[in-house]
Amino acid sequence: MADGSFCPDCKRSTEVVFDHSAGDMVCSECGLVLEAHSIDETSEWRTFANESAENDPVRVGGPSNPLLTDGGLSTVISKPNGVQGDFLSSSLGRWQTRGSNPDRSLILAFRTIANMADRLGLVATIKDRANEIYKKVEDLKSIRGRNQDAILAACLYIACRQEDRPRTVKEICSVANGAAKKEIGRAKEYIVKQLEVEMGQSMEMGTIHAGDFLRRFCSHLGMSNQAVKAAQEAVQKSEELDIRRSPISIAAAVIYMITQLSEEKKPLRDISLATGVAESTIRNSYKDLYPYASRIIPASFAKEEDLKNLCSP
Amino acid sequence: MAQYNLEGCQSMDLAKHPSGIGLILQNIVSTVNLGCKLDLKMIALRARNAEYNPKVCTGAKSEEQSKLAARKYARIVQKIGFQAQFMDFKVQNVVASSDVKFPIRLERLSLHHDAFCTFEPEIFPGLIYRMKDPKIVLLIFASGKIVLTGAKSRDQLYRAFEQIYPVVVEYRVPQIGNEDKDSTDRVPRLLA
């Protein structure tokens with residue numbers, strides 16, 4: 001805490017001591033206070049590792065959100081302690097309730113999107129992307145008439161696609177509040193068109209492929225690593241074939257084929273639940289895929305037994 | 001080459017159809033102005049086969065049929081007692097279907113013609129191609145069937161088809177030699 005500074009009384013450079021309790025810089029030779037009231041910039045509070053992260057006293061508000069009008073400032077005028085009478089009719093109370101949040105609907109929408117994303121287990125990047133998309137679309141008044149749930153679900157769907165982690169429309173349906181697959185599809189087309197008009201060709205969303213969903217479906221079913229790898233290879237090879245089915249149905253049929261060949265056979269019902277594809281659709285896709293079984297199933301996984309064991313439904 | 005057994009079908013004019021493939025018109029939508037006020041309730045009650053579809057004539061398979069139907073309708077309205085005229089008959093929409101007879105790789109097509117195509121296999125199995133000139137919407141399916149709509153005349157459809165044909169040929173699914181789809185008795189040669 002010793003500093004060398006020029007003391008005007010001693011007229012030379014002397015050792016200066018910094019007194020933290022009073023915030024003074026004092027010359028150690030003559031006792032002259034050189035600077036008083038220096039501002040302490042160290043931390044006001046101490047946080048320990050074992051304390052709850054609920055009320056970190058270092059923080060004065062929530063994280064700032066650039067999508068909200070004023071960055072999400074959350075200061076409110078609250079009722080003073082020990083005052084009688086009711087707060088709301090007093091002048092302060094009126095100021096608080098009158099100045100209503102301009103982003104009320106936006107915040108509600110963000111909360112709904114966050115809810116849906118949490119139910120699907122999506123990361124924060126996708127959630128933020130969906131929020132951005134919603135904000136862009138919300139500015140256009142033409143949204144008002146449409147089904148709000150479908151719009152929010154579609155924002156989430158588009159965000160997943162843009163981050164290269166697509167979710168099937170049925171999966172989004174399962175967490176969307178009552179929106180139907182068709183409505184979400186229509187809302188998605190609408191949003192994409194609006195955004196392309198707004199900002200030129202920036203909607204980079206490739207077509208979906210069976211492989212994008214395979215990993216997730218397999219883990220829902222609890223397949224072994226070997227089976228998962230075989231399924232991924234099979235799906236890769238199947239892309240060259242001329243099979244006219246939705247990629248999800250193809251994924252489901254490949255999973256069915258692979259599990260029938262391995263030790264743990266999954267019933268059609270489980271696969272149907274995990275993928276969202278109807279059982280009859282899986283059967284039909286399997287019928288389409290069956291003739292090419294030898295071509296798509298990797299040799300390392302199953303050999304001639306596969307043709308004997310695979311039933312042709 | 002497909003045999004078209006429609007009445008009034010002309011022999012293929014290769015100048016108009018250089019690809020050698022013709023289109024089958026499926027639907028014509030047209031409107032006409034009868035020029036007088038109509039009491040729709042009365043018409044709906046008094047005419048047989050009446051459905052409230054204000055002034056729109058749909059379902060015809062050719063432009064002539066459409067005009068004929070519109071005239072018949074005007075006649076019916078006249079019989080009921082209104083002073084109907086036949087003004088501004090205009091065909092609003094012509095729809096046609098065609099078949100190129102080979103499978104198409106929709107995904108590649110949508111990748112390369114991104115600006116015009118919408119392809120969402122989850123939502124709809126066909127690729128939606130919005131052609132700018134002429135302004136026609138084509139639904140292209142993996143089987144090779146194509147539906148064209150949004151035209152005001154059949155010439156627009158012909159032009160649109162001739163424009164899309166070379167594109168679609170480019171994305172034909174390559175034929176694999178000796179493709180035997182029903183081989184259930186052959187032992188697979190996995191370790192070849």
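The following exchange concerns a predicted model and the domains of its chain A. Residues are numbered from 1 along each chain as its sequence is written, and chains are lettered from A in the order in which they are written. Local features need pLDDT of at least 70, side-chain atom pairs count only at pLDDT 80 or more, and totals for chains, interfaces and linings use all residues, while side-chain values use heavy atoms, with hydrogens and water left out.

Colleague: What radius of gyration does chain A have?

Modeller: The radius of gyration is taken over C-alpha atoms, and the globule rule is 2.2 Å times the number of residues to the power 0.38. For a compact globule of 313 residues, a value near 20 Å would be expected. The C-alpha trace of chain A spans about 105 × 55 × 45 Å along its principal axes. The radius of gyration of chain A is 32 Å.

Colleague: How far apart do the C-alpha centres of domain 2 of chain A and domain 3 of chain A lie?

Modeller: The bounds come from an automatic or database domain assignment. In chain A, this assignment places domain 2 at 103–199 and domain 3 at 210–308. Their C-alpha centres are separated by 30 Å.

Colleague: Which three residues supply 71% of the area that domain 2 of chain A buries against domain 3 of chain A?

Modeller: Buried area is the accessible area (1.4 Å probe) that two parts lose on being put together, summed over both. Between domain 2 of chain A and domain 3 of chain A it is about 490 Å², with 54% given by carbon and sulfur atoms. On the side of domain 2 of chain A, the three residues that supply 71%, more than any other three, are A:Pro166, A:Thr168 and A:Glu171.

Colleague: Which residue forms a salt bridge with A:Glu171?

Modeller: A salt bridge is a side-chain nitrogen of Lys or Arg within 4 Å of a carboxyl oxygen of Asp or Glu. One salt bridge is counted between domain 2 of chain A and domain 3 of chain A. A:Glu171 has its closest N and O atoms 2.4 Å apart in a salt bridge with A:Arg216.

Colleague: Why does the pair of B:Glu120 and A:Arg161 join two chains?

Modeller: The side chains of these residues, B:Glu120 and A:Arg161, meet in a salt bridge at 3.2 Å, N to O. Helices (H or I, at least four residues) and strands (E, at least two) are DSSP runs, numbered from the N terminus. The pair joins two chains because A:Arg161 lies in helix 4 (residues 148–162) of chain A and B:Glu120 in the loop between strand 4 (117–118) and strand 5 (127–131) of chain B.
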